[in-house]
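This report describes selected features of one protein chain for a reader new to structural analysis. Please keep the sequence and the structure in view while reading.

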Amino acid sequence: MTPQLSCSNAQCRATFSIEDVLYTCPKCSALLEASYPGLALDPVSTKRLWRERRMSNAAIDQSGVWRYRELLGFVDPSKHAVVTLREGNTPLLPAPPAARYGGLDALVFKHQGFNPTGSFKDNGMTCGATQGLRLGLRRVACVSTGNTSASMAAYASSAGMTPVIFLPHGNISYGKLAQALEYGALTLQVEANFDQILALVRALAEKTGIYLLNSVNPFRIEGQKTIMVEMLDQRDWHVPDWVVVPGGNLGNISAFGKGFRELLQLGFIDKLPRFAVIQAAGSAPFEDYYRRRGEFQPVSEPETLATAIRIGDPVSWPKAIQVIDDSNGIVEKVTEQEIADAKAVVGQCGIGCEPASAATLAGIRKLTAAGVIDRGADVVAVLTGNVLKDPDYIFKYHTGQLKTPSGASIAPTYGNAPLVVPNDPERIAAILEERIPASS
Ligand SMILES: Cc1ncc(COP(=O)(O)O)c(C=O)c1O
Ligand SMILES: [Zn+2]
């Protein structure tokens with residue numbers, strides 16, 4: 001089995017060395033992916049090996065990505081250093097109140113916010129940074145709505161590489177910007193939106209030899225596919241009916257589809273789940289394309305408070321539509337109000353997530369109401385980022401100050417504003433009795 005880079009375009013399928021520094025196909029410009037021709041694994045013994053590695057103290061086994069390294073053959077860990085912060089290992093959390101809100105009997109969240117930098121980007125970044133190090137590229141860059149930069153800064157710095165980050169000026173949460181600064185990245189805030197900066201950085205990467213760690217990087221996708229492998233391992237290989245995920249640049253859904261495709265081909269599972277991708281209504285070019293087909297139409301001024309999915313021209317849409325079509329999946333969009341309310345409900349479960357992640361629950365509610373997802377379906381929703389990524393949003397929602405990008409008020413349907421009370425035990429006791437009667 002010689003790993004290679006393959007063009008993802010079925011009409012082209014050109015192949016390149018796994019060590020070529022390429023992000024798109026030089027022949028047809030489609031995205032590339034790592035492939036492993038001839039890979040064969042015994043499902044029974046490999047599943048057992050993966051389970052046994054959970055007991056190991058070796059860093060590579062403790063990583064919830066590299067534990068599944070038989071599926072990551074682009075690198076040989078016995079020859080190349082692996083950059084790991086013990087990413088993955090994220091829990092499956094049952095959430096009964098969220099299930100009720102979503103119109104389901106049961107719902108489980110795969111919470112990627114439990115990662116070292118608080119988002120699913122770490123699952124991919126461990127692989128991207130490992131490949132960058134292996135190629136000897138010491139300067140690494142990304143353009144980001146925030147989470148990618150936080151993750152890249154951490155992984156690059158931990159490996160002794162220099163992270164350079166390009167951010168849209170003024171449109172990223174402070175939690176994420178703070179992480180990039182703290183992890184030591186050279187941080188450039190560009191006066192342009194995400195899509196414009198991505199084009200700029202791709203040109204810069206070619207000119208300067210900086211290694212690009214955006215989701216166009218095929219090795220990031222390799223890491224992210226293991227989110228689904230770990231999820232199946234945690235479910236003793238029972239494939240859910242539905243996997244629901246928010247969609248921005250569509251790297252995650254592409255990675256999940258690749259993971260499932262490979263497991264199916266290798267005989268580890270015997271069916272695919274149906275995938276649902278949920279977009280924010282103000283940044284929903286993929287939902288539009290899914291419904292209309294024809295030409296893919298980017299959204300030139302994408303808007304949403306869920307800044308992680310504020311992407312108008314998602315690079316991975318051709319891979320993503322393949323995943324949706326192959327799985328009989330669906331793409332839906334939800335409003336700012338729907339995202340905000342769903343997010344508060346995830347919080348009430350004691351779980352919490354960032355705004356983009358809550359699009360999943362908002363989408364589930366819509367899809368069950370429309371009869372697309374059955375009440376009794378076995379559904380896993382992926383929460384992509386940690387609740388603390390965007391505290392400003394949370395405070396504004398609960399205090400009734402949250403406004404949509406166009407200035408409309410978002411109702412604090414599940415608001416929980418703090419109360420200012422006097423330093424007076426009797427008054428406070430009365431307030432407590434009124435709010436939470438001792439008899440309740
Ligand atoms: C928290 C969060 N959710 C969802 C997404 C969207 O993921 P993708 O761009 O892979 O569709 C991102 C991407 O930045 C993110 O940070
Ligand atoms: Zn090609």
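In this predicted model, Glu338, Ile339, Ala342, Lys343, Val345 and Val346 of helix H12 meet Pro355, Ala358, Ala359, Leu361, Ala362 and Arg365 of helix H13. Of the residues that make up this contact, nine are nonpolar, three are charged and none is polar. The axes of H12 and H13 lie 7 Å apart, and the two helices pack at an angle of about 100 degrees. Because angles of 65 to 115 degrees count as roughly perpendicular, H12 is roughly perpendicular to H13.

Helix H13 can be examined further on its own. With 15 residues at 1.5 Å a residue, H13 should span 21 Å, and this agrees with the 22 Å between its end C-alpha atoms. Of these 15 residues, 13 are buried, so H13 is largely enclosed by the rest of the structure. After H13 comes Gly371, whose phi is positive, near 80 degrees.

The helices discussed in this report are listed below with their residue ranges.

| Helix | Residues |
|---|---|
| H8 | 218-234 |
| H9 | 251-265 |
| H12 | 336-348 |
| H13 | 355-369 |

The next topic is the sheet. Strands of a sheet pair through backbone hydrogen bonds, in either a parallel or an antiparallel manner. Here three strands form an open sheet, in the order E2-E1-E3, with antiparallel pairing. Strand E2 (15-17) and strand E3 (32-35) are the edge strands, each of which pairs on one side only. Direction ignored, neighbouring strands of this sheet are turned by 35 degrees against each other on average. Between strand E1 (residues 4-7) and E3, the antiparallel pairing runs over four bridges. The bridge partner of Ser6 in E3 is Glu33. Helix H8 packs on the sheet, where H8 touches E1 and E3, and the direction of H8 makes about 55 degrees with that of E3.

A single residue of helix H9 completes the account. Is Gly251, which lies in H9, buried or exposed? A residue counts as buried if 20 or more other C-beta atoms lie within 10 Å of its own. Gly251 has 26 C-beta neighbours inside 10 Å and therefore counts as buried. Apart from neighbours within four places in sequence, Gly251 is in contact with Ser215, Arg220, Ile221, Gln224 and Ser316. Thr130 is 121 residues from Gly251 along the chain, and the C-alpha atoms of these two residues are separated by 18 Å.

Terms used
Residues numbered from 1 in each chain as written. Chains lettered and ligands numbered in written order. Predicted model: local features only at pLDDT ≥ 70, side-chain atom pairs only at ≥ 80, totals over all residues. Axes fitted to C-alpha atoms, helices over the stretch in contact; angles between N-to-C directions. Parallel < 35°, antiparallel > 145°, perpendicular 65-115°, else oblique. Contact = placed C-beta atoms within 7 Å. Nonpolar A, V, L, I, M, F, W, Y, C, P; charged D, E, K, R; others polar. Buried ≥ 20, exposed ≤ 12 C-beta atoms within 10 Å, placed from the backbone. Expected span 1.5 Å × (residues − 1). Pairing = 2+ DSSP bridges.
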